[in-house]
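Grab a coffee and load the model into your favourite viewer. Try each task by hand before you read the solution under it.

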Amino acid sequence: MTDDALRFGAIGVIGAGRLGASLAAALRAAGHPLVAVASARLASAEALAAELAATPVEAPPVEALTVEAAVARCDLLFLTVPDAAIGPLAAALPWRAGQSVAHCCGAHTLHVLAPAAARGARTGCLHPLQSFPTRTGDPARFRGTTCGVEGAEPLGGALEALARSLGADVVRLDGVDRALYPAAAIFASNCAIALLGAASRSWARAGLPLAAARPALAPLLQGAAANAAAHELRDALTGPLARGDTATVAAHLAALAADPPAHELYRRLALELLALDPPALDPPHGAEARARLVALLAAARE
Ligand SMILES: NC(=O)c1ccc[n+]([C@@H]2O[C@H](COP(=O)([O-])OP(=O)(O)OC[C@H]3O[C@@H](n4cnc5c(N)ncnc54)[C@H](OP(=O)(O)O)[C@@H]3O)[C@@H](O)[C@H]2O)c1
């Protein structure tokens, strides 16, 4: 941080839900002065404050406040509320000059916070590219996560430093297409769950117990994600497509024909794998094998 970097004396989290719980826990664990949590229902804020108080961290006490009181008390507020609630809160709350407010939504630009900016507040965004599935705060969930950060200086730099202090990496979102950016996140996160749905159907149709599908298949997904995190996509790929094994892929397509959505998913995703750049199949026979596989998959179109 440079000397003119923005520093915060009192941080608040508005929205005691899934992201709010983990963000609050992570801020506290990293030594930031989180002093207030607020939510639509005071009971949610009180439950989060109690959870934080039960965590063995040397940190100032966190009060459960009304949303208005949190805004009056803090100089940096995170809005971890549903996307549709960000604009109404930006318009309704008594923001003031010198205060900072950041939303955590990948799909919104800073335009949604324009009413707060009009009252003199600095506005920003800190969007973790991570899923937070429960209201149990997990401070470690930011470690190794990339956070999208947006904001004019000095707030942009301060949010970037704050994200890094939680163990996160940062990409700056200023000027980024805010429909395609979350679409990329949905592909990598939600769509992987959809793939497990299709995989579980094939598993059960193969004669295996459906209840065993998720525990057996999710570690495969974890392994693929770990491979992709460590290597270029072409080097992370294993299996018949990486080997150019046309006969095995033809057998899979035939077996999946009775489940048309799964058949089409397999076919489309196999084509996507064959279109990786750099390609997944090595020379000298790679181009030939790829052409054979592409022809097989194109012919299998329903
Ligand atoms: N969860 C994730 O995986 C994830 C990941 C990245 C980014 N985000 C972003 O984080 C934000 C929150 O998502 P979430 O999944 O954490 O949502 P969530 O679990 O539904 O939590 C939202 C919280 O906001 C509170 N709330 C709703 N309307 C409010 C209002 N008008 N004023 C004050 N509090 C209000 C709710 O209150 P009560 O509990 O009091 O009813 C709830 O505690 C969204 O912008 C989302 O895009 C989420």
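Below are five exercises on this predicted model, each with a worked solution.

**Exercise 1. Get the overall layout.** Work out how the protein chain is divided into domains and how far apart their C-alpha centres lie.

Solution.
- Start with the extent: along its principal axes, the C-alpha trace spans about 65 × 40 × 35 Å.
- Next, split the chain. Domain 1 covers 11-176 and domain 2 covers 185-299.
- Take the C-alpha centres of domain 1 and domain 2, and you get a separation of 38 Å.
- Now run the secondary structure: the chain comes to 14 helices and eight strands.
- For burial, 41% of the 302 residues count as buried.
- Finish with the contacts. Take those between residues at least 6 apart in sequence, and 61% of them join residues at least 24 apart.

**Exercise 2. Put the sheet in order.** Find the strand order of the open sheet, and say which strands stand at the edges.

Solution.
- Walk across the sheet of eight strands and you read β3-β2-β1-β4-β5-β6-β7-β8, with mixed pairing.
- The edges go to β3 (63-64) and β8: each has a single partner strand, so one side of each has no neighbour in the sheet.
- Zoom in on β1 (residues 11-14). Strand β2 (residues 34-38) pairs with β1 in the parallel sense, over four bridges.
- Strand β4 (residues 76-79) also pairs with β1 in the parallel sense, again over four bridges.
- I11 is a handy marker here: its bridge partner in β2 is L34, while in β4 the partner is L76.
- One step further along, β4 and β5 (residues 100-103) run parallel and are joined by four bridges. Within that pairing, L77 has V101 as its bridge partner in β5.

**Exercise 3. Follow the chain out of β1.** Decide which way the residues of β1 point, then give the handedness of the crossover to β2.

Solution.
- As background, side chains in a regular strand alternate between the two faces of the sheet.
- Check that against β1: I11 and V13 point one way, and G12 and I14 point the other way.
- Both sets are buried.
- Now trace the path from β1 to β2. The chain passes through helix α1 (residues 18-29), and this β-α-β crossover is right-handed.

**Exercise 4. Look around H103.** Is H103 buried or exposed, and which backbone oxygen does its side chain reach?

Solution.
- Locate the residue: H103 sits in strand β5.
- Its relative accessible area is 0%, so with a cut-off of under 20%, H103 is buried.
- For the polar contact, the H103 side chain reaches the backbone oxygen of H108 at 3.4 Å.
- Now list the neighbours, skipping residues up to four places away in sequence. H103 touches, among others, L79, I86, T109, V112, C125 and R178.

**Exercise 5. Track the salt bridges.** How many salt bridges does the model have, and which residues do shared partners join into one network?

Solution.
- The count comes to eight salt bridges.
- Begin with E153 and R172, whose side chains meet with an N to O distance of 3.2 Å. This pair links distant parts of the chain, 19 residues apart: E153 is in the loop between β7 (146-151) and α6 (155-165), and R172 is in strand β8 (residues 169-172).
- Compare their accessibility: E153 counts as exposed at 53%, whereas R172 is partly exposed at 30%.
- R172 also forms a salt bridge with E160, with the closest N and O atoms 2.9 Å apart. Here strand β8 is linked to helix α6, the two residues being twelve residues apart.
- Move on to R201 and D259, where the closest N and O atoms are 2.8 Å apart. This pair spans 58 residues, with R201 in helix α8 (residues 190-205) and D259 in the loop between α12 (246-256) and α13 (260-274).
- The two partners sit in unlike surroundings: R201 is partly exposed at 36%, but D259 is buried at 7%.
- Last step, the network: salt bridges that share partners join E153, E160, R164, R172 and D174.

Notes: Residues numbered from 1 in each chain as written. Predicted model: local features only at pLDDT ≥ 70, side-chain atom pairs only at ≥ 80, totals over all residues. Heavy atoms only, no water. Domains from an automatic or database assignment. Salt bridge = Lys/Arg side-chain N within 4 Å of Asp/Glu carboxyl O. Buried < 20%, exposed > 50% of the residue type's maximum accessible area, 1.4 Å probe, protein only. Pairing = 2+ DSSP bridges. Right-handed = clockwise from strand over helix to strand, strands pointing away. Polar contact = N/O pair within 3.5 Å; in protein donor to acceptor, adjacent residues only side chain to side chain. Contact = heavy atoms within 4.5 Å.
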